[in-house]
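Could you walk me through this structure in the viewer, one selection after another? I would like to know what to pick next and what is there.

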Amino acid sequence: IIKKQISMKNTKHTKGEWSVEAINLIKCNGEQICSTNSMIDEYKENAKLIAAAPFLLEALIKLRKSMVETYKLIGTSEADIERLKIVNEAIKKATK
């Protein structure tokens, strides 16, 4: 299940804290990364989700590491393996 260790150091997205400005602009280090389509009803929520992406990825990477360390100590069940697959898939979706 664990093929390659991933850390935030070797991810390729813009480094730094992402934030939403002017309702739909996602910025990092003062630079605009992207914007959401204000013609869509959920544009504010979409902007918040996009801005949270690096934080969420980092949380998943830390969770994965903790899960692997715990499973090494106590073993795994089929449910544990399925949860780890979900975490791995989410990380892969964000980094590949």
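Start by selecting Lys85, which counts as partly exposed because its relative accessibility is 40%. This is a predicted model, so please read every contact on the tour in that light. Now add Glu82 to the selection: Lys85 and Glu82 form a salt bridge, and their closest N and O atoms lie 3.5 Å apart. Both residues belong to helix H2, and because they are three residues apart there, about one helical turn separates them. Glu82 is partly exposed too, at 43% relative accessibility.

Stay on helix H2 and pick Asp80 together with Arg83. Here is another salt bridge, with 2.6 Å between the closest N and O atoms. Again the two partners sit three residues apart in helix H2, about one turn of the helix. Colour this pair by accessibility and look at each end: is Asp80 buried or exposed? Asp80 counts as buried, at 12% relative accessibility, whereas Arg83 is partly exposed at 42%.

Next, move over to helix H1 and select Glu58 and Lys62. Their side chains meet in a salt bridge, with an N to O distance of 3.4 Å. The spacing to look for is four residues, about one turn of helix H1. Lys62 counts as exposed, since its relative accessibility of 55% is over the 50% cut-off. Glu58, at 30%, counts as partly exposed. How many salt bridges does a search of the whole structure find? The search finds four.

While you are on helix H1, click on Leu49, which is located in this helix. With a relative accessible area of 55%, Leu49 is exposed. Add Phe55 and Leu56, and you have a nonpolar patch on the surface: together with Leu49, they show about 340 Å² of accessible area.

Time to go inside. Select Leu57, Ile61, Met67, Val68, Tyr71, Leu84, Val87 and Ile91, and show their side chains: these eight residues are the largest nonpolar core. Which elements give two or more residues to this core? They are helix H1, covering 43-74, and helix H2, covering 78-95. Helix H1 gives the most, with five residues. Keep that selection and make another for the second core, which is separate and has five residues, including Trp18, Ile26, Ala47 and Ala51.

For the last stop, find the loop between strand S1 (18-21) and strand S2 (25-28), and select Asn24 in that loop. Is Asn24 buried or exposed? Asn24 is buried, because its relative accessible area of 15% is under the 20% cut-off. Draw a distance from the side chain of Asn24 to the backbone oxygen of Thr36, and you should read 2.8 Å. Then show the surroundings of Asn24: leaving out residues up to four places away in sequence, Asn24 touches Cys34, Ser35, Thr36, Ser38, Tyr43 and Ala47. Ala47 may look familiar, as it is one of the residues of the second core.

How values were computed
Residues are numbered from 1 along each chain as its sequence is written. This is a predicted model: local features need pLDDT of at least 70, side-chain atom pairs count only at pLDDT 80 or more; totals for chains, interfaces and linings use all residues. Side-chain values use heavy atoms; hydrogens and water are left out. A nonpolar core is a set of buried Ala, Val, Leu, Ile, Met, Phe, Trp, Tyr and Cys residues joined through side-chain atoms within 4.5 Å. Buried means under 20% relative accessible area, exposed over 50%, partly exposed in between (1.4 Å probe, protein chains only). A polar contact is a pair of N or O atoms within 3.5 Å; within protein, one must be able to donate a hydrogen and the other to accept it, and residues adjacent in sequence count only if both atoms are side-chain atoms. Contact means heavy atoms within 4.5 Å. Patches are made of residues with over 30% relative accessible area and no salt bridge: like charges are joined within 9 Å, nonpolar side chains (Val, Leu, Ile, Met, Phe, Trp, Tyr) within 5 Å. Accessible areas come from the Shrake-Rupley method with a 1.4 Å probe; for residues, only the protein chains shown count as cover.
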